[in-house]
Amino acid sequence: MRRVRQSAWVLLALVVIGSLGAGLWAPADYATQFREAPNSPPSHQHWLGTDELGRDRFSRVLYGTRVSLLMAPAAALLSTLLATLAGGIAGYLGGWWERIAMAATDLFLSMPWLFLLLVVRAMLPLNVSPITSIAVTFLLLGLLGWAASARVLCAGTRGLRDSDFVLQARASGLRGFRLLALHVMPNLKPVLLAQFWISIPVFIISEANLGILGLGVAEPLPSWGSLLRELEGFTSFGFEAWKLVPLLLLVLVVSSFQIILSRDEVYA
Amino acid sequence: MRKLVRHLAAMAAIVVAGGLLSATLVRLAPGFGTDERQLDSRLNSESVEALRQARARDRNIPSFYLHYLLRALRGDLGESRTLNRPVRQLLAERLPVTARLVGAGLLAGWLCAVLLAVGATLTRKPACDLLATLVGALFLSVPAAVLALLFVFASAPACLAIALVVFPKVFSYTRNLLAKSYSLPHLMTAYAKGSGPLRILVWHVLPVAGTQLLAVAGISVSIALGAAIPVEALCGIAGIGQLAWQAALGRDLPLLVNLTVLVTVVTLAANWGSEFAGRDLRTREA
Amino acid sequence: MKRRPLALLAFLLLVLSAAVGQSGGELRFYLHSEPKTFDPLLVADDASETIRYLTGGVLVRVNRRTQQAEPELAASWTISRDGRSITFNLRERVYYSDGTPFSAEDVAYTVQRLMDPALHSPTGDSFRSGSGVVRTRVDSPARITITFPAPVAGIDKLFDQVAIVSSRSANKERAVLGPFYVADYKPDSYVLLKRNPNYWRRDATGRQLPYLDAVRLGIQPNRDIEMMNFRRGEIDLINWLDSEYFDRLAGLAPEVVHDAGPGLESEQMWFNQFPNAPIPAYKREWFRSTHFRRAISGAINRADLARVVYGGHAQPAAGPVSPANKFWFNAKLRTPAYDPAGALSLLQQAGFRLEGTSLRDREGHAVEFSIITNAGNKARERMATMIQQDLGKIGITVHVVTLDFASLIDRITESYNYEGALLGTANTDLDPNAQMNMWLSSAENHQWNPRQKSPETAWEAEIDRLMKEQASSLEPAKRKACFDRVQEIVVEQQPFSYLVNKNALSAVATTVANASPVVLRPQTYWNAETLSVRVQTASKH
């Protein structure tokens with residue numbers, strides 16, 4: 001297991017370094033269209049072939065990885081923070097606070113959030129750069145994605161609040177923020193971490209789903225979401241395996257996260 | 001009994017608030033009151049204006065919502081603007097389709113997740129743990145839309161796509177909770193006293209992890225309902241998810257409000273059901 | 001004596017071909033959305049249009065191959081000299097599918113209902129050339145005269161869209177005069193059409209048409225599933241194919257795909273010139289400059305759009321009329337040449353200058369604008385991205401924004417909060433009269449600057465005059481000359497930059513006999529009454 005974990009670290013490091021240094025080793029700019037060679041298979045010039053507009057797929061994967069790897073954790077962090085605020089505090093305080101927070105969470109979970117994203121996207125100014133558009137997309141995802149985590153965190157905090165060691169600490173005179181910071185939060189860490197790491201692929205995938213609906217990242221900037229759009233036509237399967245590379249990379253990165261974290265989560 | 005009535009009243013208040021919020025959202029959305037037919041070059045100015053007027057009659061949200069609630073009390077849920085059919089009829093046709101899809105998906109997803117999590121935790125073999133992690137990560141990484149396409153291609157039941165969306169999330173939570181529960185001191189004592197793995201699981205682990213697992217149960221319903229939109233849309237299944245997407249694109253106010261109310265009721269029922277069950281479990285534990 | 005074996009062979013072939021053609025069967029294909037209406041007079045969407053085409057009986061049918069009007073329920077017709085009246089001599093002994101007889105009363109009822117201003121029928125609006133009442137005079141059960149308040153150009157061909165409704169039947173939607181009637185409808189699932197036992201038409205051998213026993217129209221919005229089920233033999237045809245799928249299918253089964261050449265559909269881009277649009281005034285000034293619009297048009301590589309986005313199954317477009325429209329296409333027009341240097345020179349004449357890699361206007365504003373298009377339409381998204389790169393070469397920054405259709409309509413018809421737009425036009429009617437509400441400066445659909453009180457430019461005034469002149473003229477040659485000039489003005493002024501004309505691509509299973517796809521809608525089943533399905537067992541493509 002240790003070796004596997006080390007391999008996961010190496011793989012993750014390679015992907016991060018590869019994407020951060022995209023400008024150094026990408027054979028072409030992600031937006032350059034080689035119009036004489038659209039949809040071409042892998043070759044010496046284009047290692048992963050070209051997309052439907054003749055853009056070098058390898059370069060787009062490198063740049064797209066950078067975008068998704070930077071943006072998705074930021075959105076996950078934002079949503080986990082919001083969930084901790086809403087769920088953690090509600091679970092810790094209990095009573096009416098908990099009921100109100102959970103009612104708000106239920107309401108939020110029931111709202112057609114995809115419609116909300118669609119509406120907000122439609123209301124944005126038209127002349128924004130692609131990078132701003134993707135930042136806004138992930139910010140929205142972060143702002144809207146806290147409710148599910150908040151319920152789990154609330155349940156977790158409630159469990160800790162009623163646990164023997166917290167009761168003992170309370171009996172010893174520990175109250176309020178100190179009790180929360182010293183006993184509740186450290187024990188909530190596995191749930192928080194799980195929420196955070198689970199949220200990352202969720203946001204990447206949400207961005208992919210938005211991309212499939214044409215509401216994701218603005219052209220020509222690539223992201224994993226926009227790259228996954230190439231899988232839309234099922235006829236692609238079987239014939240052009242290289243189109244699966246973004247999906248494979250996504251699976252590898254998420255799996256690496258899971259393997260690395262599995263130990264921390266268990267023993268934290 | 002009083003508690004139940006109080007809960008039902010709170011639930012009704014949230015449902016009413018959800019419907020109102022949804023109606024306001026649709027009303028404020030760009031494109032509300034427009035009609036695709038406005039681009040038909042055969043239509044003259046009077047016809048285009050008539051289309052505008054017909055679509056804009058629900059612009060006053062308080063008035064629309066009040067009328068909607070009064071009609072709903074009589075069992076009339078209004079008429080869909082985009083499909084020109086009574087909403088009640090549409091829901092009656094499509095609800096069973098989605099209920100079957102989501103129900104089967106949830107059942108399969110939970111079954112796989114719990115079995116795999118228990119197996120991985122009990123065996124405590126790194127290879128099994130790694131395999132379980134990889135399987136969980138694999139399905140966590142594949143967008144619901146791609147899963148749906150794969151299932152269409154393979155002519156496999158679409159409920160399995162829902163199951164694979166639910167599975168990794170439930171699996172991840174369950175495995176973490178089980179791992180945490182197994183590391184508790186009283187379990188070490190139970191092991192030391194020679195209790196069997198099954199006995200430990202049933203008597204010591206599940207009661208501890210049960211509360212939080214039940215919280216996940218409520219959320220998994222929301223996750224499954226959320227996944228139903230791309231799965232139904234891409235697999236061509238005429239259920240509530242497909243209807244919701246059509247309603248969103250067409251700014252179909254009566255349909256979207258009813259769907260939000262429906263999803264709110266289902267979500268609340270699932271969450272509160274799991275909460276009650278959790279409390280019951282805790283009470284028994286105590 | 002030598003002739004006898006040949007005659008025998010010819011007879012056998014005739015019998016064989018008749019047997020093949022008359023084998024009936026069920027034709028299966030998909031509608032891509034729920035039909036919005038079964039009322040033939042209110043049809044506005046594709047699904048309802050399919051049902052109307054297959055079930056509705058019309059007085060005159062435009063032959064989809066020759067593009068000429070042919071007698072259908074009207075055995076003959078005459079148009080008055082002033083162009084206001086049309087007299088139809090109807091076929092006799094024709095019955096609706098429910099057994100009620102067809103007569104001039106039904107035509108009168110249909111026309112009166114169609115022209116009711118409160119109905120707001122798109123088909124009815126095509127006939128409105130002036131204010132006033134439409135009068136019908138029933139001379140006999142087989143003769144009717146319809147008089148319009150003003151001359152209607154190309155009046156006979158307009159009746160191709162008018163399905164004659166029964167004035168007497170209780171269930172009007174079930175009583176039809178077309179080859180099929182609606183036998184069953186399961187919402188979200190299918191519409192089943194069955195052979196009309198009273199259909200009036202017969203084939204050359206005297207056998208009653210249609211050959212098919214039924215047409216099953218599944219409701220399937222997903223094009224991937226449509227393609228997959230076609231390959232599995234679960235449906236028999238795809239009326240409209242994406243170029244990407246066309247090429248893939250052609251690689252697997254070349255015998256089932258059909259490229260009928262450029263269709264009537266066009267894709268175009270335009271700039272917002274609306275005076276009250278909430279966009280910066282300096283941008284509006286660019287968009288109102290003919291030099292600017294012509295330069296943008298010249299800087300777009302249309303040949304690349306046709307080759308890369310449509311895999312060669314499209315032609316660079318010159319003007320508003322596709323070469324598929326045999327009569328109205330202006331063959332003198334030339335596609336704007338791809339000429340970035342020429343575009344820059346035009347822009348310099350208009351006061352723009354290139355500073356490094358950025359183009360700036362007279363006041364120093366960097367030339368930057370957005371192009372909106374509808375989300376989910378891959379071809380349009382790809383074209384917009386290619387235009388982004390083409391215009392980048394002359395220092396222009398373009399932002400491509402994809403919006404859901406409702407938001408897009410809101411921006412281009414209500415708030416006018418947009419700069420450039422890329423959309424398509426699906427022309428169903430060959431006659432320019434169907435486009436009056438697009439070309440007249442006062443019209444709602446005069447997209448670049450709608451609802452003008454009086455024409456704001458001389459060339460728009462000229463288009464108004466020419467369109468009205470062609471609409472009031474009854475001489476085809478004069479009408480053609482007027483509309484040719486309209487097309488020339490559009491190419492000169494580029495209010496719409498026409499990009500490509502897409503080819504009509506379709507797929508028809510080899511089991512379907514007598515299929516002969518054409519460019520006009522409905523491309524594959526325009527001759528539905530003579531189609532038949534040979535084998536009902538699934539065959540894979």
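1. In this predicted model, Phe180(C) stands opposite Arg195(C), a residue of strand β9(C). The two strands concerned, β8(C) and β9(C), run antiparallel and are joined by six bridges. They form a hairpin with three residues between the strands, and in this hairpin Asp188(C) takes a positive phi near 70°.

2. The strands β8 (180–186) and β9 (190–195) of chain C also serve as a cover, since they are among the elements that lie over the buried residues of helix α2(C), together with β1 (26–31) and β10 (214–219) of chain C. Helix α2, which holds residues 46–55 of chain C, is mostly covered, with seven of its ten residues buried. The buried residues are Ser48(C), Thr50(C), Ile51(C), Arg52(C), Tyr53(C), Leu54(C) and Thr55(C), and a student who follows the helix in the viewer may notice that Arg52(C) is included in this buried set.

3. A further part of chain C worth tracing is an open sheet of four strands, which follow one another in the order β4-β5-β7-β6 with antiparallel pairing. Its edges are β4 (74–79) and β6 (135–140) of chain C, each of which pairs on one side only. Between neighbouring strands of this sheet the average turn is 20°, when direction is ignored. On this sheet packs helix α3 (residues 104–114) of chain C, which touches β5, β6 and β7 (143–147) of chain C, and the direction of the helix makes about 180° with that of β6(C).

4. Within that sheet, the pairing of β4(C) with β5 (residues 85–90) of chain C is antiparallel and extends over five bridges. One of the positions to look for is Ile79(C), whose bridge partner in β5(C) is Ile86(C). For reading any such strand, it helps to recall that in a regular strand the side chains alternate between the two faces of the sheet.

5. Taken as a whole, chain C has 16 helices and 21 strands. Is its radius of gyration in agreement or in disagreement with that of a compact globule? The value for chain C is 25 Å, and because a compact globule of 541 residues would have a radius of gyration near 24 Å, the two agree. The C-alpha atoms of chain C fill a box of roughly 85 × 55 × 55 Å along the principal axes, and 51% of the 541 residues are buried. Of the contacts in chain C with a separation of 6 or more, 69% are between residues 24 or more positions apart.

6. Chain B is built in another way, for it has eleven helices and zero strands. Its radius of gyration is 24 Å, which is well over the 19 Å that the globule rule gives for 286 residues, so chain B is more spread out than a compact globule. The box filled by its C-alpha atoms, taken along the principal axes, is roughly 85 × 50 × 30 Å. Of the 286 residues in chain B, 54% nevertheless count as buried, and residues 24 or more positions apart account for 74% of the contacts with a separation of 6 or more.

7. Which residues touch the most other members of the largest nonpolar core? They are Ala148(B), Ala161(B) and Ile162(B), in a core that has 304 residues. Helix α9 (residues 197–235) of chain B gives the largest share of this core, namely 19 residues. When residues up to four places away in sequence are not counted, Ala161(B) touches Ala144(B), Leu147(B), Ala148(B), Phe151(B) and Val231(B).

8. Chain A likewise has eleven helices and zero strands, and its C-alpha trace spans about 75 × 50 × 30 Å along its principal axes. Of its 268 residues, 50% are buried, while 71% of its contacts with a separation of 6 or more are made by residues 24 or more positions apart.

9. The last point concerns the place where chains A and C meet, a contact that takes 28 residues from chain C and 20 residues from chain A. On the side of chain C, the elements that give two or more residues are α6 (223–231), α7 (243–252), α10 (302–309), β16 (368–374), α12 (378–392) and β17 (397–403) of chain C. The element that gives the most to this side is α12(C), with six residues. Sorted by class, the side of chain C that touches chain A has eleven nonpolar, eight polar and nine charged residues.

Methods
Residues numbered from 1 in each chain as written. Chains lettered and ligands numbered in written order. Predicted model: local features only at pLDDT ≥ 70, side-chain atom pairs only at ≥ 80, totals over all residues. Rg over C-alpha atoms; globule rule 2.2 N^0.38 Å. Buried ≥ 20, exposed ≤ 12 C-beta atoms within 10 Å, placed from the backbone. Contact = placed C-beta atoms within 7 Å. Pairing = 2+ DSSP bridges. Axes fitted to C-alpha atoms, helices over the stretch in contact; angles between N-to-C directions. Nonpolar A, V, L, I, M, F, W, Y, C, P; charged D, E, K, R; others polar. Core = buried A, V, L, I, M, F, W, Y, C linked by C-beta atoms within 7 Å.
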